[in-house]
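These are my notebook entries on one protein chain. I set out to record how its parts pack and pair.

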Amino acid sequence: MESVIVQSSIFSQADLEYIYNLPEVQRAKEQIDSKQQGFISFTIELTPTIRSILTERFGIDLFTVQSIPMRWIKGDTAPHIDTGSSTFDNTYLVYLTDSEGEFIIDNNSYSIQKGDGYVFSEGLYHGTTNTGSTPRLLL
């Protein structure tokens, strides 16, 4: 695998609106709005439609997965490497809202665009810079 794969328009506008309007997404949005910076992590149920889209676009097997992690983030994120409860080969990240600033992976810079997805190898540093104070939603 290349070190970074970028895909545009992972979800349709209708899919994005559905996700954004879920009660758990809105509750977490209220929490992040009350912070100066930081993040709020939560999960949503992995619906058949979302599962199908992620499986088709990223080629990952999600058939035994019931929920999917999400995060509202406000402010920049320092470069870091993702870790999980088990070993994984790749990180999969989709921005569900636009944001000013840049997403940096392995010294490559990408503007943060609603619907853009990234697949990158485990162990690559990634973070954001110049993102301001508007929260952004990630899946």
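**Entry 1: nonpolar cores**

I looked up the largest nonpolar core first and found 26 residues in it; F11, V25, F42, I44, L54, M70 and L96 have the most contacts inside it. I note that the model is predicted, that local features need pLDDT of at least 70 and side-chain atom pairs pLDDT 80 or more, while totals for chains, interfaces and linings use all residues. Residues are numbered from 1 along each chain as its sequence is written, and side-chain values use heavy atoms, with hydrogens and water left out.

A nonpolar core is a set of buried Ala, Val, Leu, Ile, Met, Phe, Trp, Tyr and Cys residues joined through side-chain atoms within 4.5 Å. Buried means under 20% relative accessible area, exposed over 50%, and partly exposed in between (1.4 Å probe, protein chains only).

I then listed the elements that give two or more residues to this core: helix 1 (13–20), helix 2 (23–33), strand 2 (38–45), helix 3 (48–58) and strand 3 (67–74). Helix 3 gives the most, with four residues. Helices (H or I, at least four residues) and strands (E, at least two) are DSSP runs, numbered from the N terminus.

Leaving out residues up to four places away in sequence, I found that L96 touches F11, L16, I19, M70, K114, G115, L137 and L139. Contact means heavy atoms within 4.5 Å. A second, separate core has twelve residues, including V4, F103, Y118 and L124.

**Entry 2: helix 2**

Which residues of helix 2 are buried? I recorded V25, A28, K29 and I32. Seen down the helix axis, the buried residues of helix 2 fall within an arc of 110°, so they line one face; the arc is that of the directions from the axis to the C-beta atoms. On the other side of helix 2, R27 and E30 are exposed. The buried residues of helix 2 pack against helix 1, strand 2, strand 3 and strand 9 (136–138).

**Entry 3: strands**

I traced an open sheet of three strands in the order 6-5-8, with antiparallel pairing. Two strands pair if DSSP finds at least two bridges between them. Strand 6 (108–111) and strand 8 (126–129) are the edge strands, each pairing on one side only. Strand 5 (residues 102–105) and strand 8 share four bridges, and F103 has T128 as its bridge partner in strand 8.

Elsewhere, strand 4 (residues 90–94) has four of its five residues buried. Strand 4 pairs with strand 7 (residues 117–121) in the antiparallel sense over five bridges; T91 has F120 as its bridge partner in strand 7.
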